[in-house]
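Me: I've got this model open and would like to talk through a few spots in it. Can you take my questions one at a time?

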Amino acid sequence: MSAKYVFVTGGVVSSLGKGIISSSLAKLLQSRNLRVTIQKFDPYLNVDPGTLNPYEHGECFVTEDGAETDLDLGHYERFLNIYTSRANNVTTGKIYRTVIDKERQGAYLGKTVQIIPHITDEIKRRMLLLGKSGQYDVIITEIGGTVGDIESLPFIEAMRQLQWELPDEDCLVIHLTLVPYLSAAKELKSKPTQHSVKLLQQDGVQPDILICRTEHKLSQDLRKKLALFCNVRPNAVIESIDADTIYRVPLMMRDEKLDEIVLEKFGLTDVPEPDLKGWKSFLDRLGSPESHITVALVGKYVELQDAYKSILEAFIHAGAANRCKVKVVPVHSEYLTEDNVEEKLEGMDGILIAPGFGERGLEGKIKAVRYARENGVPFFGICLGMQMAVVEFARNVLGLKDAMSTEVEANTANPVIDLMADQKTTTVKGGTMRLGAYKCLVEEGSLAYSIYGKPLISERHRHRYELNNDYVDRLNEAGMRTSGRNPETGLVEIVEIPSHPFFIGVQFHPEYKSTPENPQPIFVAFVKAALQYNKSKQK
């Protein structure tokens, strides 16, 4: 069977949830024993989102092979329970860099390099790349941005060309739009969708399926009207109404028969019915919690929920595993002071210090670590959160009052956190950190070993700075155990305080690998510890 290609575009407004729709369709097809993957084409000129401020683009998701990618790849992995790679995220920056490099090397034999065919040919090559590997039956391609954006035009044009070049039964286009509700008129309005589809048609692309985001149910008359004006079949007008959780969307799309319409177009009539037992079991646990806890997420990007997307999703997975509803309270580290830290964190059942870069908000994170350590509150530090746990311990237990990271104080007398040796000669910022999956040896008898249950683990990284090994012996002697190390470099990966009820900091980013069907072990253990702490307060 040749690979089948689904293209997902968006119209009317951004943030309609193309990534969730793509992931939901992929989940349904995967549950029918089809091999499915998803790729994201982003129209911005950055080569990747690694250098973007989280306020600009939300979280930067890191894949197993070390690519800094769009946060939608996190959704793809969480829904499909498989790894993506650098091939799954393509930007305009990557496309143009490839074409310009080829031009400099003389690859175009003196021809004038143009958007069509050179840029669109490179886009098409990337769109078909995963399909040619032979590993997948269906490749879903999400086109970032909104139809009508000038940045998206080369991607739409490449898609138009593929619609004609591929066999009709191998290519399908889904267009996601908004059907707004006007409360004054008390009716849903179809005109924005009609205009959006018209824009797409002007670019030469005819959608096969319309998925309509809506706050109210679509009537059959409205579906027929949309089908008539948008040139799609009535059964191909799909309702996507607001859900209580993104993880319910696959079941909603199943009710709308989205997977059946796609399979019919592709001529795949002999696939089994979907097996969604595991997914429904997760939703059952998620929807019927037996207890509730409150956890503080201490970071400096807390105004934007997407900045810590993977962490928030990991709490959902770990909460379901513990039959527990986890309420995550954002606490802005920049505004945490000696005077208000107790007021802000009192009553929390657990404290997580978030990752990040730069000086802003560091002292607040250090004060939050101290509060958790001295008051026996379950503590979890990720990347910079782990580093600030080391700084706090060095200052207040070892007595090194000027202990700090050289990221913010290059000449500190006690650089307990220092730039990794291989980073000291690096001048290029993009894609040069320690990125992707690395192994970690976990000491037996440690908290980390009890969590993972094995001596060798692998987790994803995204950092330039590390715990300075010159201070390891003093930290261990004072009660901070370095319980996990990279077997090749000796880099400290995990610290913990055995005398504390639950205190762990990790240099890696465990949130990236958490999925509903495989919740991340540290998050599961942290939620469990917070539950126990909550119960102990009530005695």
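Reply: Sure. One term before we start: helices here are DSSP runs of H or I, at least four residues long, numbered from the N terminus. Keep in mind that this is a predicted model.

Me: Which residue takes a positive phi just after H3?

Reply: H3 covers residues 72-80, and the spot to check comes just after that helix. The phi there is about 60 degrees, and the residue is Asn-81.

Me: Is H3 largely enclosed or not, and how many of its residues are buried?

Reply: Buried means under 20% relative accessible area. The buried residues of H3 include Asp-72, His-75, Arg-78 and Leu-80. H3 is largely enclosed by the rest of the structure, because the buried count is 9 of the 9 residues.

Me: How do H1 and H3 run relative to each other, roughly parallel or roughly antiparallel?

Reply: H1 spans residues 18-30, and it packs on H3 with the axes 9 Å apart at an angle of about 25 degrees. Angles under 35 degrees count as roughly parallel. The crossing is right-handed. So H1 and H3 are roughly parallel.

Me: How do the residues of that contact divide into nonpolar, polar and charged?

Reply: On the H1 side, Gly-19, Ile-20, Ser-23, Ser-24, Ala-26, Lys-27 and Gln-30 take part, and they meet Asp-72, His-75, Tyr-76, Phe-79 and Leu-80 in H3. The split is 5 nonpolar, 5 polar and 2 charged.

Me: Is Val-36 buried or exposed?

Reply: Val-36 sits in strand S2, residues 36-42. Among its contacts beyond four places in sequence are Ala-26, Leu-29 and Gln-30, along with Leu-80 and Ile-82. Its relative accessible area is 3%, so Val-36 is buried.

Me: Which side chain makes a polar contact with the side chain of Lys-513?

Reply: Lys-513 lies in the loop between strand S23 (503-506) and helix H18 (521-537). At 18% relative accessibility, it counts as buried. Its contacts beyond four places in sequence include Glu-64, Glu-459, Arg-460 and Asn-518. The polar contact, at 3.4 Å, is with the side chain of Tyr-83.

Me: What about Gly-110, is it buried or exposed?

Reply: Gly-110 is in the loop between helix H4 (92-104) and helix H5 (115-129). From Gly-11 it is 99 residues away in sequence and 39 Å away in space, C-alpha to C-alpha. Exposed means over 50% relative accessible area. Gly-110 has 80%, so it is exposed.

Technical notes: Residues numbered from 1 in each chain as written. Predicted model: local features only at pLDDT ≥ 70, side-chain atom pairs only at ≥ 80, totals over all residues. Heavy atoms only, no water. Axes fitted to C-alpha atoms, helices over the stretch in contact; angles between N-to-C directions. Helix = DSSP H or I, 4+ residues; strand = E, 2+ residues; numbered from the N terminus. Parallel < 35°, antiparallel > 145°, perpendicular 65-115°, else oblique. Left-handed = near helix turned anticlockwise from the far one by under 90°. Contact = heavy atoms within 4.5 Å. Nonpolar A, V, L, I, M, F, W, Y, C, P; charged D, E, K, R; others polar. Buried < 20%, exposed > 50% of the residue type's maximum accessible area, 1.4 Å probe, protein only. Polar contact = N/O pair within 3.5 Å; in protein donor to acceptor, adjacent residues only side chain to side chain.
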